[in-house]
Amino acid sequence: MKKPKNYKWQKNDGTGTMSRHLRSEHGLGPEGEEGSSGGGQAQLHGYASDMPGAGMPFVYNRDRMISELGRFIIADELPYSFGESSNYEYFNRVALQPQYRKVPRNTLKRRTQQSYYAYRGYLMEMFRTYDGRVSLTSDTWTSTYGEPFVCVTAHWIDDDWLLQKRIICFEAMEEAHNGFNIKSRIVSCCKNFHLVDKIFSISLDNATANTSAMQFLKEDPSIKLVLDEYGLRKKVIALDTPTRWNSTYKLLHDAIAYRDVLTDMYNESWATDGQFITNDHWSLAKIVHDVLETFDNATHIFSYVYEPNIHTVILECIKIICTIKQTSLANPGAAVKRLLDNMKVKWCAYFTEFPPIYAIAAILDPGVKLEGLTNLLTFYYQQLDVQFDVPYYVNNCKRILERLCEDYGAVIQPQPIGSSMGASRFGILGPVLKNSRPDGSGSSSSSSSSSSSSNIGIGEYLTYQFETEENFHIIQWWKNHSSKFPVLARIAKDILAIPASTIASESAFSAGKRVLDEKRSRLSSESIEMC
């Protein structure tokens, strides 16, 4: 043990001697922390650990501040004049940074333009070298001031298996709003972003001009649609129509919560000739509400833009028609039966046969695959009371998938992975996937698994049952199994990026309404596109 030392303090002496002693004898730094490197004044680190520049000393940089302020203004849809606000300047100088000074609107606009074109160039280069497929959604919109716009949104799954979307075109249309001109704008956008030979699908709503535009796109030799090559037809569920059922559901949902108030108010103030609201009316409203709730749930799922939903279309449609059938059996009254019969007729006009792309996406769900799809579709047409050749339809989808595999490249033969997967995440349709009716009475036909498939990768995938977690995520599943099924995983990556609706373009138009308000009605189309 070392002999203790005595240290003498004199007036005007510093603390250097004590600091050196602590470091050399006790391994402590000047702040008393073990292992401290000691010496020098501690620096303040101005960035949070999850922010760019974390761990670096904060140094105010006006040029960087202008760039970040421009990003903030665009993200929050603020006017460029925000940077000239005296109140915002006062707030920054008093609470955040004394060196802050106002930023002129022209400076902000110029800087955001530079950032926009730099990122646009990055996207162009990224798509030029991207070796996958991209799905597009497009729609048109007329602003409050009568100026028409066209929007094109790209959807794809990146190398980290994250579903991405970017608006690659939001331009004013000075020409006529017809199918040919819409097609021309979409083709021009695809050429600018090097996508003419990488388009997997294009989704438009069912407006007449869009239907015409799709026909022109199919005839345009410069555009190569993968889905069109394989005889696939893309059907979009229209979300924004005056007769949408989910809007009726929301109305009934709110009204039922206030049934007593509404009943008393109507019966006391507006009822004439004995036309009172009775419990029978509310019972009917509750029946309709419960049916339409299934539609509303499906609408929310089809509205996802950052989660895959193409593989859920058939499942959600079966839930809807199953609800209609069960409600009809449970409520034999004439009014309910007439209402549900009309809904069923309207439904059959659109969904008697599913476009094969929906079926292929369902096959790529490891909880469904070929046999599950056959059982689901058999059950679906039983509920519809419609004759349909399910085995032929499923085999056709399988042949399309095999052709896709052949075109996507050689398949590496996987190794078997054992154990079966539960179907709890499918709810009422779980027993159907296991080849039995929800009521336990047994189901009808199913097609054989494709162990005899000419494509070994497909055969292995369809033959084996896989374990999945309770919180199953299909993109993560294919990412984890991409080494075992490289070609199928690549196909899944492209197909699962297809959106089930045009909600991405509708969201862009909603933002356009907020940006192009009465205070910014003179914004140029270039400025609107940046926002």
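Hi everyone, let me start with one pair of residues: Val150 has Glu171 in strand 3 as its bridge partner. That is my way into the sheet, and please keep in mind as we go that this is a predicted model.

So where does that pair sit? Strand 2, residues 148–157, runs antiparallel to strand 3, and nine bridges hold the pairing. Another position along the same pairing is His155, which stands opposite Lys165 in strand 3. Between strand 2 and strand 3 there is a hairpin with five residues between the strands, and there Trp161 takes a positive phi near 60°.

Now look at the other neighbour of strand 2. Strand 1, residues 134–142, is joined to strand 2 by eight bridges, and the two run antiparallel. For an example to click on, Thr137 has Thr153 in strand 2 as its bridge partner. As a reminder, strands of a sheet pair through backbone hydrogen bonds, either parallel or antiparallel.

Let me zoom out to the whole sheet. It is an open sheet of four strands, in the order 3-2-1-4, and the pairing is mixed. Strand 3 (163–172) and strand 4 (199–203) are the edge strands, each pairing on one side only. From one strand to the next, the twist averages 20°.

Back to strand 2 for a moment: is it buried or exposed? Buried: 10 of its 10 residues are, so strand 2 is largely enclosed by the rest of the structure. In a regular strand the side chains alternate between the two faces of the sheet. Here, Pro148, Val150, Val152, Ala154 and Trp156 point one way from strand 2, while Phe149, Cys151, Thr153, His155 and Ile157 point the other way, and all are buried.

Next, the helices. The protein has 21 helices to go with its four strands, and I have picked out a few of them.

First, a pair in contact. Helix 2 (residues 62–75) packs against helix 4 (residues 105–129) at an angle of about 80°, and their axes are 9 Å apart. That angle makes helix 2 roughly perpendicular to helix 4. Which residues of helix 2 and helix 4 make the contact? From helix 2 we have Asp63, Ile66, Ser67, Leu69, Gly70, Ile73 and Ile74, and from helix 4 Thr107, Leu108, Arg111 and Thr112. By type, the residues of this contact divide into five nonpolar, four polar and two charged. It helps to recall that an α-helix has 3.6 residues a turn, so residues three or four places apart point the same way.

Then there is helix 14, residues 369–384. At 1.5 Å a residue, its 16 residues should span 22 Å, and its end C-alpha atoms are indeed 22 Å apart, which agrees. Of those 16 residues, 14 are buried, so helix 14 is largely enclosed by the rest of the structure. Just after helix 14 comes Asp385, with a positive phi of about 60°.

One more residue to visit: Asp341, which lies in helix 12, residues 334–351. Its relative accessibility is 32%, so Asp341 counts as partly exposed. Asp341 is 17 residues from Ile324 in sequence, and their C-alpha atoms are 8.9 Å apart in space.

Finally, the overall picture. Of the 531 residues in the protein, 44% are buried. And if you take the contacts between residues at least 6 apart in sequence, 70% join residues at least 24 apart.

Thanks for listening, and I'm happy to take questions!

Definitions and conventions
Residues are numbered from 1 along each chain as its sequence is written. Side-chain values use heavy atoms; hydrogens and water are left out. Two strands pair if DSSP finds at least two bridges between them. Axes are lines fitted to C-alpha atoms, for helices over the stretch in contact, and angles run from 0 to 180 degrees between N-to-C directions. The expected span of a helix is 1.5 Å times one less than its number of residues. Buried means under 20% relative accessible area, exposed over 50%, partly exposed in between (1.4 Å probe, protein chains only). Angles under 35 degrees count as roughly parallel, over 145 as roughly antiparallel, 65 to 115 as roughly perpendicular and the rest as oblique. Contact means heavy atoms within 4.5 Å. Ala, Val, Leu, Ile, Met, Phe, Trp, Tyr, Cys and Pro count as nonpolar, Asp, Glu, Lys and Arg as charged, and the others, Gly among them, as polar.
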